[in-house]
Amino acid sequence: MRTTVPPVACVGEPRLTAGFAEFGRLDLLAHEEVHGPIGPMEPAALLRLAEAIDLKGKGGAGFPFARKLRAVLESCERQDLAAVVVVNASEGEPASWKDKVLLTRAPHLVLDGAALAAFALDADEIVIGVADDDVGRPSLTEALQERRMPVPTTIVTVPHRFISGEGGALVNGINGLPHIPPGTKKRSSDSGVGGLPTLLSNAETYAQLAVAARIGPYEYAALGTDDEPGTVLLTVTGSAKRPAVVECAAGTPLREILDLCEVPPGPGILMGGYHGKWITAEAAERAEVSRKGLAAVGGTLGAGIIVPLGTDTCPLGEAAQVVRYLAGESAGQCGPCKMGLPDLARSVDLAVSGSAPIELVRAAAGDVKGRGACSHPDGTARFALSAMEVFADDLRLHATGEGCGKRVKGTMGLPGAPDGNPQKLTLDWSRCDGHGLCAHVVPDFIRLDGNGFPAFPATPVPTWLREGALKAVKVCPELALRLVKAE
C-alpha cells in the first residue's frame, strides 16, 4: 500500500493549495496568515452561500451540499433531535490522493468547513473518518490539538477498502457496525450516526465551503465556469511521468493538466476513478475539467481522478484487473454484488481472452445495473462497459485469440504490486472425460460447454479465484486440469 503523498501542483490561482509552496504543511498560524479569519454563520446564511456557489459533493456523486444541509435542518426540527457532522476523508479508492493531501497539508481548512456546518446545525458532534493507512491522521490530530472546535470532534479509523469510503459504510463503521454499506438504502439526513440526523460530505467539500465563507460567492465565482464556479482538486497517476495532485479552475482544458504531469500519448484515459468512465486520446484533446465538460466527451469528473494509460501496456488487461478487484471488494450482502460482480469480472476476462463476445459483458453488466443496495454494482458496470467501448479496436485483436501482444504492467494504482506469479489453467484433452467436477468447484471461472466439457478463459486466473482453481485441479479424477505459469 502506497503511503507517500504525491507532489502538489496548481494551474492558475491556488485556493485549497494556497500557502503550500511557502509553508509545506499549514499549521494554525500559517493557515490564518494565508487564509485569514473566519466566523460562524447562521443556517440561512450558510444555505445561501452553498446555493450561490452551487457547491456539490467532491467525493464522486456530486450531490448538492445545500440540499444535504437543508435536509438535515428539516430532519432535526421534525424529529426534535440534535445533528452530527461527518467528514468523509477515508478516500477508499486506491487511485485517489486529493483528500490525503488536504489532511496532511491543509487540515485546518477541512476543520473550518466542518466547524461552519456544526455551528449552523447546532450539532452535538463532529466525526472525521480517515483510512487506516496512517497517512492523514497524524496531521489531523496535530491540527485538532492546535485549535478549539465548536463541538467535540473525534477521528474514526476506517479500513482502507474501496467500499469503506461509501457514505453508508462510514456511518455503519462509526456506529460500531461492519464498515460496509447498509443492506437497504437509507438517508443519513434522517438517521445516521447514533440514529441522529447526520450531515455527511467529503473532506474537499468542507474545505471548499471554508474558502467560500471567507471570500464570498462573487469572488469564489471569479474562477471556474458559470455552471461550476471555483476550483477542482485532481489526482493524476497512471502513466504520468510526474504524478501529482493538481488544483485548477473548473473549465481548465484537460490537455493543460496532462501536459503539466507529463502524460505521454496513450490509448485512453480513465476519468473519475474505478467507478468512472474511459475517454479516448482524441476526446482528451477537447475535454474541459468540469462535470459538464467531461460529460460532453463521454467521461465523468467523479472524485477528480485521472488515470492515463501508456502504449506499453494492454488496456483491456488493465481494465480486467480493476473489474476483478472491484468484484473482490463487494460487501457480499446483495445479489448484484455477491453473484453479479464475479460474473461480470468473468465475462470481462472471457471477452479479453477472445473466448466470448462483448454481448456477454453487456448482459452481465445489465444484470447488476440499478439493482444493488449501494452504487458499487452500477459503478463497476459503468467502468467495464466504458472500457469495452473505448478499447474496441483492442477488443477486436483479442477476439482472434492472439491479443494485442502487450503484457499488463499494472499501472492502474491497484493495492499491492501486480501479480508476480500469474498462473493460468490448461486442459489435457486426451485425458478429460467431461466429469464436470471442476466447474462445480470454481463456477466463477470454469463453465461447461454444450458438450459438457470445461471451458475457461486463456487469461491468468484472477488472484481472488486462485484458491478455487487449485481445488479444481485437485478434484479432477483424470488429472486433466493443470495450473501453470502464465507467459
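**Close-ups of a predicted model**

**View 1. V348 and the residues packed around it.** Setting aside neighbours up to four places away in sequence, V348 is in contact with A320, V323, V361, A384 and M388. This is a predicted model, so take the picture as a computed one. V348 belongs to helix α14, which runs over residues 335-353. Is V348 buried or exposed? With a relative accessibility of just 1%, V348 counts as buried, because anything under 20% falls in that class. For a sense of scale, look for L116 too: 232 residues separate L116 from V348 along the chain, and their C-alpha atoms are 46 Å apart.

**View 2. N202 and its polar partners.** Here we move to strand β5, made of residues 198-202, where N202 is found. What does the side chain of N202 reach at 2.8 Å? That would be the backbone nitrogen of E204. The N202 side chain also makes a polar contact with the side chain of K98, at 3.3 Å. K98 turns up again when you list what N202 touches beyond four places in sequence: K58, G59, N88, K98 and D99. N202 has a relative accessible area of 9%, so it is buried.

**View 3. A nonpolar patch on the surface.** Which residues form this patch? They are L437, V441 and V475, and together they offer about 200 Å² of accessible area. L437 sits in helix α18, which covers residues 437-441. The relative accessible area of L437 is 39%, so this residue counts as partly exposed, since that label covers values between the 20% limit for buried and the 50% limit for exposed.

**View 4. Stepping back to the whole protein.** After the close-ups, here's the setting they come from. The protein has 19 helices and 14 strands. Its radius of gyration is 24 Å, close to the 23 Å that the globule rule gives for 487 residues, so the protein is as compact as a globular protein of that length. The C-alpha trace spans about 80 × 50 × 35 Å along its principal axes. How much of the protein is buried? Of its 487 residues, 55% count as buried. The accessible surface adds up to about 20100 Å², with 52% of that belonging to carbon and sulfur atoms. As for contacts with a separation of 6 or more, 71% of them link residues 24 or more positions apart.

Terms used:
Residues are numbered from 1 along each chain as its sequence is written. This is a predicted model: local features need pLDDT of at least 70, side-chain atom pairs count only at pLDDT 80 or more; totals for chains, interfaces and linings use all residues. Side-chain values use heavy atoms; hydrogens and water are left out. Patches are made of residues with over 30% relative accessible area and no salt bridge: like charges are joined within 9 Å, nonpolar side chains (Val, Leu, Ile, Met, Phe, Trp, Tyr) within 5 Å. Accessible areas come from the Shrake-Rupley method with a 1.4 Å probe; for residues, only the protein chains shown count as cover. A salt bridge is a side-chain nitrogen of Lys or Arg within 4 Å of a carboxyl oxygen of Asp or Glu. Helices (H or I, at least four residues) and strands (E, at least two) are DSSP runs, numbered from the N terminus. Buried means under 20% relative accessible area, exposed over 50%, partly exposed in between (1.4 Å probe, protein chains only). A polar contact is a pair of N or O atoms within 3.5 Å; within protein, one must be able to donate a hydrogen and the other to accept it, and residues adjacent in sequence count only if both atoms are side-chain atoms. Contact means heavy atoms within 4.5 Å. The radius of gyration is taken over C-alpha atoms; the globule rule is 2.2 Å times the number of residues to the power 0.38.
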